Amino acid sequence: MNLRNVISPRQGLVQVASEFYRRGWMAGTAGNLSCRDPGEPACFWVTASGRAKGGLTVADFLLVDIGSGEVLDQVSPGNKPSAETVIHRALYRLDPRIQACLHVHSVDACLVGMRHQGDALPLPPLEMLKGLGIWEEHPTLELPVFENYLDVDRIGAEINRRFNAQVPQVPAFLIRHHGITVWGESLEQAFHRTEIMEFILSFLAREGGATRP
Ligand SMILES: [Zn+2]
């Protein structure tokens, strides 16, 4: 998929949603995707709540202020921001270099998270880690794991607390029984990193899960 020539963030996100839906990572209305606005870096475009990701259009987004969470452009009258928008805001606030955040629900992510009890999942030293910018010979990396609270604000607060105390080793985290969120310095980079993380989770799911604590 070529994301270099997309005209707007929303068009790029529509393409990404379509591809992730095809792979089974955004079944039904699952997941949410966002991209910082190139002209207004204090705002980002995020998918509207409850939209089928297999048939997303550029009308299915809202423009949200990173600091306040205020909706600046609803695009269509019925659009409401996803409850998980708070997670995207937490990530954009964390690092101004982050341009896109992609959150998907895959079977493999759920399987691996269910088998592992800790708050950090050890990652296998696979060649694929180079795609995340890790160039060590025998990397010992951990994927942060958060519990899946019904109150999404609580997840957002926990992400703020942990990531402000320590920058994560990999540009991603897992919410148990839920899915992963991955970010990048461009939509294209976030897309590729999501593919890599899902590859690693698929490996762990088939291998039998991560090491148990
Ligand atoms: Zn979700």
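Begin by selecting Arg162 and Phe146 in this predicted model. Arg162 lies over the face of the Phe146 ring, 4.6 Å from the ring centre. A similar arrangement can be displayed at Arg154, which sits over the face of Tyr149 at 3.6 Å from the centre of that ring.

**The aromatic cluster**

Keep Phe146 selected and add Phe163, Phe173 and Trp183; ring pairs link these four residues into a cluster. In the model the count of aromatic pairs comes to 8. One of them joins Phe163 and Trp183, a tilted pair with 6.0 Å between centres and 55° between the planes. Because Phe163 belongs to helix α4 and Trp183 to strand β9, this pair ties together parts that are 20 residues apart in sequence. Are Phe163 and Trp183 buried or exposed? Phe163 is buried at 4% relative accessibility, and Trp183 is buried at 8%.

Next, turn to Phe173 and Trp183. They also form a tilted pair, with centres 6.0 Å apart and an angle of 45° between the planes. Phe173 lies in strand β8 and Trp183 in strand β9, so the pair connects parts that are 10 residues apart in sequence. Phe173 is buried, with a relative accessible area of 0%.

**Along helix α4**

Select Asn164, which is placed in helix α4 (residues 152-165). Asn164 counts as exposed because its relative accessibility is 57%, and the threshold for that term is over 50%. The side chain of Asn164 reaches the backbone oxygen of Asn160 at 2.8 Å. Add Leu94 to the view: Asn164 and Leu94 are 70 residues apart in sequence, yet their C-alpha atoms are 7.2 Å apart in space. Leaving aside residues up to four places away in sequence, Asn164 touches Leu94 and Ile159.

**The zinc ion**

Now centre the view on the zinc ion. Which residues supply its protein donors? They are Glu84, through two OE entries, and His103, His105 and His178, each through NE2, at 2.0 to 2.7 Å from the ion. Along the chain these donors follow the spacing E-x18-H-x1-H-x72-H. His103 lies in strand β5 (residues 100-104) and His178 in the loop between β8 (172-175) and β9 (179-184), so this pair ties together parts that are 75 residues apart in sequence. Both His103 and His178 are buried.

In the loop between β8 and β9, select His177 as well. His177 has a positive phi of about 65° although it is not a glycine. Most residues other than glycine have a negative phi. Val75 also has a positive phi, of about 65°, and is not a glycine. Val75 is found in the loop between β4 (71-73) and α2 (85-94), and it is partly exposed, with a relative accessible area of 33%.

**The nonpolar cores**

Select Phe20, Leu102 and Leu143, which have the most contacts inside the largest nonpolar core, a set of 42 residues. The largest share of this core, 9 residues, comes from helix α5 (residues 187-207). Phe20 touches Trp25, Met26, Leu33, Leu102, Val104, Phe191 and Thr194, not counting residues up to four places away in sequence. Apart from this core lies another, of 21 residues, including Ile87, Ile98, Phe146 and Phe173.

**Last stop: helix α5**

Finally, select Ser202 in helix α5. Ser202 counts as buried, at 13% relative accessibility. What distance separates the side chains of Ser202 and Asp108 in their polar contact? The contact joining these two side chains is 3.2 Å.

Methods:
Residues are numbered from 1 along each chain as its sequence is written. This is a predicted model: local features need pLDDT of at least 70, side-chain atom pairs count only at pLDDT 80 or more; totals for chains, interfaces and linings use all residues. Side-chain values use heavy atoms; hydrogens and water are left out. Donors are N, O and S atoms within 2.8 Å of the metal (3.2 Å for Na, K and Ca); water is not among the atoms, so sites may look incomplete. Helices (H or I, at least four residues) and strands (E, at least two) are DSSP runs, numbered from the N terminus. Buried means under 20% relative accessible area, exposed over 50%, partly exposed in between (1.4 Å probe, protein chains only). A nonpolar core is a set of buried Ala, Val, Leu, Ile, Met, Phe, Trp, Tyr and Cys residues joined through side-chain atoms within 4.5 Å. Contact means heavy atoms within 4.5 Å. A polar contact is a pair of N or O atoms within 3.5 Å; within protein, one must be able to donate a hydrogen and the other to accept it, and residues adjacent in sequence count only if both atoms are side-chain atoms. Rings of Phe, Tyr and Trp (its six-membered ring) pair if their centres lie within 6.5 Å; planes under 30 degrees apart count as stacked, over 60 as edge-to-face and the rest as tilted. A charge sits over a ring if NZ of Lys or CZ of Arg is within 6 Å of the ring centre and within 35 degrees of the ring normal.
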